[in-house]
Amino acid sequence: GGSPGGVGALQAAPVAKAPAGKRAPSIRSGASRCSDLDDDDDEDDDIEGIWPPKPPLMRFKARMQFTVPFRPKSEESDMKLISSMNRANTERLVSDEQASKELKDMTVGWINQVFAMDITKEFQLEVTFPIVILTMLDAIYTRRVNWREIDFRYQYKHALQKNFAVLERIWHEVNMEKAREFRVESTSLRMESMFASSLQEKLDFCRLMKRWYDVRRNHAEPYDAMLRRWDIVSQSKTWGVPVKFPPWILFDKEEPQRKPETTITDMWRGGSSGPVSILISKGGDAQVIGAKAAGESFEGYQDGDWVGLTKEPGFIRRVKLDTREKFVEKRDKFRVVARAPVPICSAPSREAPQIGQKKYGEFVFGYLDGEWVDLAGEVGYVCILAFSTAERALQICSPEDYKKMPEYKRLIWFLGSPEHQTM
């Protein structure tokens with residue numbers, strides 16, 4: 001029986017039940033209610049059936065304080081900030097003195113002639129120096145340079161830095177530091193310091209590259225720079241990478257006329273398993289237009305698993321796909337490398353009677369079958385291994401296509417191995 005103003009009068013009012021699908025409202029402080037006003041109208045529509053609504057991720061006051069450091073004080077200061085940033089990025093690349101100063105050097109003239117360029121200013125050599133060196137490396141190591149990684153936007157300093165990084169990686173991959181021209185005892189010029197080097201050091205580096213290039217490219221046909229650039233553009237377009245060469249790197253958008261591909265013609269003969277079919281084209285379901293008997297000789301060139309005939313139309317499958325059994329045999333050229341005379345046997349057996357011999361340095365032609373060579377143009381068989389020491393008696397020296405030759409064989413060729421002296 002307390003008075004109306006006592007504690008008993010302060011009984012809590014009954015809480016109304018919230019409708020289905022909605023939460024019951026809760027008693028919140030004034031600060032919490034004010035914070036809810038920061039929500040956007042769109043968010044209110046999305047959370048109409050949810051109570052209480054979620055607070056914003058960042059308060060309005062915090063947002064305003066966060067953007068203050070990034071807000072320019074005035075339009076003039078904003079332009080000064082942008083121009084200073086551009087000046088730092090284009091340092092050494094937009095100098096009017098460098099851009100207008102002519103460059104006269106014999107090595108640069110050789111680069112322009114061989115690689116179809118028109119470098120006449122110091123600025124042009126500075127910004128395209130890594131591209132020039134990569135072009136020389138690409139002429140020797142045709143599969144090393146990934147031109148999709150090169151940035152041809154010479155106006156930007158970061159593009160030059162990226163191109164130097166690609167050049168340094170490829171430089172170490174092909175072990176250019178071990179080349180005679182770039183050994184430590186031969187020169188003090190290092191690829192790692194070329195980015196910050198002077199123009200004269202870059203010219204000296206190009207002279208060493210010219211000497212290195214002449215030694216390794218002297219044996220091959222002239223380098224077709226325009227055709228190579230057209231291949232680079234077409235391959236990069238396949239990957240979705242546009243290529244736009246600088247004005248002093250000449251490029252013709254029309255595909256240049258390609259020279260007919262040179263093929264190495266060899267003598268072949270049908271295998272001992274029976275006659276082989278001549279097909280009108282390369283394909284298992286192609287029309288049969290003829291046949292070659294077992295042991296019959298003919299001229300042709302190898303094209304993968306096929307042999308294209310040169311004096312008549314048609315193709316012959318070289319090997320069986322599943323077992324790799326040879327349908328035809330190619331006549332190879334061998335050189336006797338054993339000091340002792342190599343015997344000629346009447347049959348492919350060490351117990352067969354000897355009917356002749358071959359001396360050191362002589363060349364023989366024949367068809368290789370295991371460890372025996374069936375001589376062409378004469379009767380007999382020669383074992384590629386010596387009977388007494390089991391060392392190699394015959395060394396194959398048939399010519400190979402330089403463009404299809406692996407890089408390790410090119411290196412052996414450059415070092416003067418007798419195995420490739422006939423090419």
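## A buried aromatic pair

Phe115 and Tyr213 are both buried. In this predicted model, their rings form an edge-to-face aromatic pair, with 5.4 Å from centre to centre and 65 degrees between the planes. Phe115 belongs to the loop between H6 and helix H7 (122-140), whereas Tyr213 belongs to helix H9 (residues 199-217), so the pair ties together parts that are 98 residues apart in sequence.

## A second pair and an aromatic cluster

Phe182 and Phe205 are likewise both buried. Their ring centres lie 5.2 Å apart and their planes meet at 45 degrees, so this pair counts as tilted. Phe182 is in the loop between helix H8 (157-173) and H9, and Phe205 is in helix H9, so the pair ties together parts that are 23 residues apart in sequence.

Phe182 and Phe205 also belong to one aromatic cluster, together with Phe129, Phe164, Trp171 and Phe195. In total, the model has 18 aromatic pairs.

## Helix H9

H9 contributes Tyr213 to one of the pairs described above and Phe205 to the other. The helix has 19 residues. From its first C-alpha to its last it reaches 26 Å, close to the 27 Å expected at 1.5 Å a residue.

Both of these aromatic residues are among the buried residues of H9. The buried set also includes Leu199, Leu203, Leu208, Met209 and Trp212, as well as the charged-type side chains Lys202, Arg216 and Arg217. An α-helix has 3.6 residues a turn, so residues three or four places apart point the same way.

## Charges over rings

Two basic side chains are placed over aromatic rings. The charged end of Lys210 sits over the ring of Trp110, at 5.3 Å from its centre. Arg269 lies over the face of Tyr367, and here the distance to the ring centre is 4.2 Å.

## Positive phi in two loops

Most residues other than glycine have a negative phi. Ala116 is not a glycine, yet its phi is positive, at about 55 degrees. Ala116 is placed in the loop between H6 and H7, the loop that also holds Phe115. Ala116 has 15% relative accessibility and therefore counts as buried.

Asn175 also has a positive phi, near 55 degrees, in a residue other than glycine. Asn175 is found in the loop between H8 and H9, which holds Phe182 as well. At 43% relative accessibility, Asn175 counts as partly exposed.

## The loop between E1 and E2

Ser273 lies in the loop between strand E1 (266-270) and strand E2 (276-279). Ser273 is exposed, with a relative accessible area of 52%. Its C-alpha atom is separated by 6.9 Å from that of Ala294, a residue 21 positions apart from Ser273 along the chain.

## Confidence of the prediction

The mean pLDDT of the protein chain is 78, and 74% of the residues reach 70 or more. Among the elements, helix H6 (residues 106-114) has the highest mean pLDDT, 93, and helix H1 (residues 30-36) has the lowest, 45. The pLDDT is below 50 over residues 1-45, a stretch with 26 contacts in the model beyond near neighbours in sequence. Residues 417-423 also have pLDDT below 50, and this stretch has 16 such contacts. Where pLDDT is low, the predicted coordinates should not be read in detail.

How values were computed. Residues numbered from 1 in each chain as written. Predicted model: local features only at pLDDT ≥ 70, side-chain atom pairs only at ≥ 80, totals over all residues. Heavy atoms only, no water. pLDDT = per-residue confidence, 0-100. Helix = DSSP H or I, 4+ residues; strand = E, 2+ residues; numbered from the N terminus. Contact = heavy atoms within 4.5 Å. Phe/Tyr/Trp six-rings, centres within 6.5 Å; stacked < 30°, edge-to-face > 60°. Buried < 20%, exposed > 50% of the residue type's maximum accessible area, 1.4 Å probe, protein only. Lys NZ or Arg CZ within 6 Å of the ring centre and 35° of its normal. Expected span 1.5 Å × (residues − 1).
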